[in-house]
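I open this notebook to record what I looked up in the structure shown below. The entries follow the order in which I consulted the model.

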Amino acid sequence: MDEDELIMVEAQTDLMELLSKYPNHSLQALSMVLKTAVDCYVLSLGEDGAVKILETAIDSVNNGKHSQLLPKIPKNLVN
């Protein structure tokens, strides 16, 4: 795992730990994370750059890259 991948995994872990602190308000906490992320993109990339990032995110969701539907596992492979 290279340094960029390690940083990404650490950031994801930290974010999940933060969200787990608010189990009774998970949607509100997630909403604030999204708002903060968008604010950071606008600050770093400007409005046009942030719009491009959001368009890429929309395409990614529409293309099923974030689907929680798992493929069916053949019964002979289930332990």
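Entry 1, methionine 8. I looked up the accessibility of methionine 8 and found 48% relative accessibility, so this residue counts as partly exposed; the class lies between buried, under 20% relative accessible area, and exposed, over 50% (1.4 Å probe, protein chains only). I placed methionine 8 in helix H1, residues 3-20. Helices here are DSSP runs (H or I, at least four residues), strands are runs of E with at least two, and numbering starts from the N terminus.

Entry 2, basis of the values. I note that the model is predicted, that local features need pLDDT of at least 70 and side-chain atom pairs pLDDT 80 or more, while totals for chains, interfaces and linings use all residues. Residues are numbered from 1 along each chain as its sequence is written, and side-chain values use heavy atoms, with hydrogens and water left out.

Entry 3, surface patches. I found Met8 again in a nonpolar surface patch of about 410 Å², made with Met1, Leu6 and Val9. Patch members have over 30% relative accessible area and no salt bridge; nonpolar side chains (Val, Leu, Ile, Met, Phe, Trp, Tyr) are joined within 5 Å, like charges within 9 Å. Areas come from the Shrake-Rupley method with a 1.4 Å probe, and for residues only the protein chains shown count as cover. I also recorded a negative patch formed by Asp2, Glu3, Asp4 and Glu5. Aspartate 2 sits in the segment before H1 and is partly exposed, at 43% relative accessible area.

Entry 4, salt bridge. How many salt bridges does a search of the whole structure find? I obtained 1, the criterion being a side-chain nitrogen of Lys or Arg within 4 Å of a carboxyl oxygen of Asp or Glu. Aspartate 39 is paired with lysine 35, and their closest N and O atoms are 2.8 Å apart. Both residues belong to helix H2 (residues 26-62), 4 residues apart, about one turn of the helix. I found aspartate 39 partly exposed at 41% relative accessibility, and lysine 35 partly exposed at 44%.

Entry 5, serine 60. I located serine 60 in helix H2 and read 15% relative accessibility, so serine 60 counts as buried. Neighbours within four places in sequence aside, serine 60 is in contact (heavy atoms within 4.5 Å) with Lys65 and His66.

Entry 6, whole chain. I recorded 2 helices and 0 strands for the protein chain. Buried residues make up 6% of its 79 residues. The accessible surface comes to about 7500 Å², of which 61% belongs to carbon and sulfur atoms.

How values were computed: Lys and Arg count as positive and Asp and Glu as negative; His and the chain ends are not counted. The place of a charge is taken as NZ of Lys, CZ of Arg, CG of Asp or CD of Glu.
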